[in-house]
Amino acid sequence: MDRTEPQRLHQANNFDALRLAAALAVLFSHQFPVTGTLPPSWMNVAMVGGVAVMAFFVISGYLVTISWFSQPRLWVFCAKRALRIWPALATVVLLAVLVLGAGFTTLPLHDYFRHPMTWDYLHNILLQVRFNLPGVFADNTYPNTVNGSLWTIPIEVSCYAVLAAAGALGLMRWRWVWACICVAYLLWFLSHMTVDLTGTMTHWWEFPAYFAFGSLIATFNRHFLQHRVRFAVIACIAALVAYALGFSYSALLLCLPAVLLAVGTASWPVISQAGRFGDVSYGVYLYAFPIQQSVRFLAPELGFSSSLAIVAVLTVLAGWLSWRLVEQPALRLKGYLR
């Protein structure tokens, strides 16, 4: 790999803005069920949040693949991923148990802390998803769910694990081999698992397909950066053909990765400065749902828009605090991996 490629990614680009937009889109999509609001007939709210998560997987597949190529050592790769995922995840889970749960539970505190479900919630740190804390949000419009966003993180980590295993086995030593693996998975998914054929969206196969497409583009990153507009146009044409043939979900997979990464690797005025105060997107994603549930619990009379405004401000603030107090200090430890 050209040694200048990793450096280019650290220059001002649009990725921070795209990730923040995706995190806020997930917040927006969750606001409807949390407040019990019917969306407009023209809006597919589930797809708004779904596409946002797909965007996360595309960007992640692209960036972590470049990370492997720039430093192809298994323990370093795993340590980097752990430093990015677990400190913030462990913090939000512990805060949910010790602060949010203790403050909002309808049980006496003694009973809350003795309840097995309380400590079972800590399994979220081990990527074993748990949604409930005893007596917490039981009467909310969207009941008994503390954090409805955590379920995608095990899928993300599974993608990291597959990429790490491929690297450890030497399958990424020759880029064409890894490219063939990614293409094979995408072809299998499009021919067997896409919702266009099955009628059911299976996220454990869907999201990795977007990760694989991002990884595929990263495998030929130098060529992509030189011709990204051309790649994006070709992807859109292929998507239009698929859509015309009735494969609307497949069309999204064909166009989103190339278009998203073409925009992300660009550097546009103002937009490229979205991360000047920190990369708050992961924190926004982690804290949005519990904040939404808390606002709904405390002020159920608030309408959709007013509660959305309050939630957005509180969530961005929580994301910034997560970045400054947890994520950024953890990521500084990457310096010792060199």
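**View 1. F57, buried in the model with a relative accessible area of 2%.** Buried stands for under 20% relative accessible area, exposed for over 50%, and partly exposed for what lies in between (1.4 Å probe, protein chains only). The model is predicted: local features need pLDDT of at least 70 and side-chain atom pairs count only at pLDDT 80 or more, while totals for chains, interfaces and linings use all residues. Residues are numbered from 1 along each chain as its sequence is written, and side-chain values use heavy atoms, with hydrogens and water left out. F57 belongs to helix α3; helices (H or I, at least four residues) and strands (E, at least two) are DSSP runs, numbered from the N terminus. With neighbours within four places in sequence set aside, F57 is in contact (heavy atoms within 4.5 Å) with T152, I155, E156, C159, F207, Y210 and F211. L89 stands 32 residues from F57 along the chain, and their C-alpha atoms are separated by 17 Å.

**View 2. Helix α7, residues 152–168.** The 17 residues of α7 reach 25 Å from first C-alpha to last, close to the 24 Å expected at 1.5 Å a residue. That expected span is 1.5 Å times one less than the number of residues in the helix. Because 12 of its 17 residues are buried, α7 is largely enclosed by the rest of the structure. The buried positions are T152, I153, P154, I155, E156, V157, C159, Y160, L163, A164, A166 and G167. T152, I155, E156 and C159 also appear among the contacts of F57. The buried residues of α7 pack against α3 (45–70), α4 (74–104), α8 (175–193), α10 (203–219) and α14 (281–298). Just after the helix, G170 has a positive phi of about 85°.

**View 3. Helix α10, a packing partner of the buried residues of α7.** The end C-alpha atoms of α10 are 24 Å apart, in agreement with the 24 Å that its 17 residues should span at 1.5 Å a residue. Of these 17 residues, 14 are buried, so α10 is largely enclosed by the rest of the structure.

**View 4. T194, in the loop between α8 and α9.** T194 is buried, its relative accessible area being 1%. Its side chain makes a polar contact with the side chain of S250 at 3.3 Å. A polar contact is a pair of N or O atoms within 3.5 Å; within protein, one must be able to donate a hydrogen and the other to accept it, and residues adjacent in sequence count only if both atoms are side-chain atoms. Leaving aside neighbours within four places in sequence, T194 is in contact with F189, Y249 and S250.

**View 5. Salt bridges at R19, with D16 and D279 as partners.** A salt bridge is counted where a side-chain nitrogen of Lys or Arg lies within 4 Å of a carboxyl oxygen of Asp or Glu; by this rule there are five. The side chains of D16 and R19 form one of them, at 2.7 Å from N to O. Both residues lie in helix α2 (residues 15–35), three residues apart, about one turn of the helix. An α-helix has 3.6 residues a turn, so residues three or four places apart point the same way. D16 is partly exposed at 21% relative accessibility, whereas R19 is buried at 16%. R19 also pairs with D279, the closest N and O atoms being 3.3 Å apart. D279 lies in the loop between α13 (248–264) and α14 and R19 in α2, so this salt bridge ties together parts that are 260 residues apart in sequence. D279, like R19, is buried.

**View 6. The salt bridge between D120 and R130.** The closest N and O atoms of D120 and R130 are 2.7 Å apart. D120 is in helix α6 (residues 116–120) and R130 in the loop between α6 and α7, so the pair ties together parts 10 residues apart in sequence. Both side chains belong to partly exposed residues, with relative accessible areas of 27% for D120 and 26% for R130. Elsewhere, salt bridges that share partners join D16, R19, R84, D279 and E327 into one network.

**View 7. A nonpolar surface patch of about 660 Å².** The patch is made by L197, V229, V233, I237, V241, L245 and F247. Patches consist of residues with over 30% relative accessible area and no salt bridge; like charges are joined within 9 Å, and nonpolar side chains (Val, Leu, Ile, Met, Phe, Trp, Tyr) within 5 Å. Accessible areas come from the Shrake-Rupley method with a 1.4 Å probe, and for residues only the protein chains shown count as cover. Helix α12 (residues 228–244) supplies the largest share, four residues. L197 lies in helix α9 (residues 195–198) and counts as partly exposed at 46% relative accessibility.
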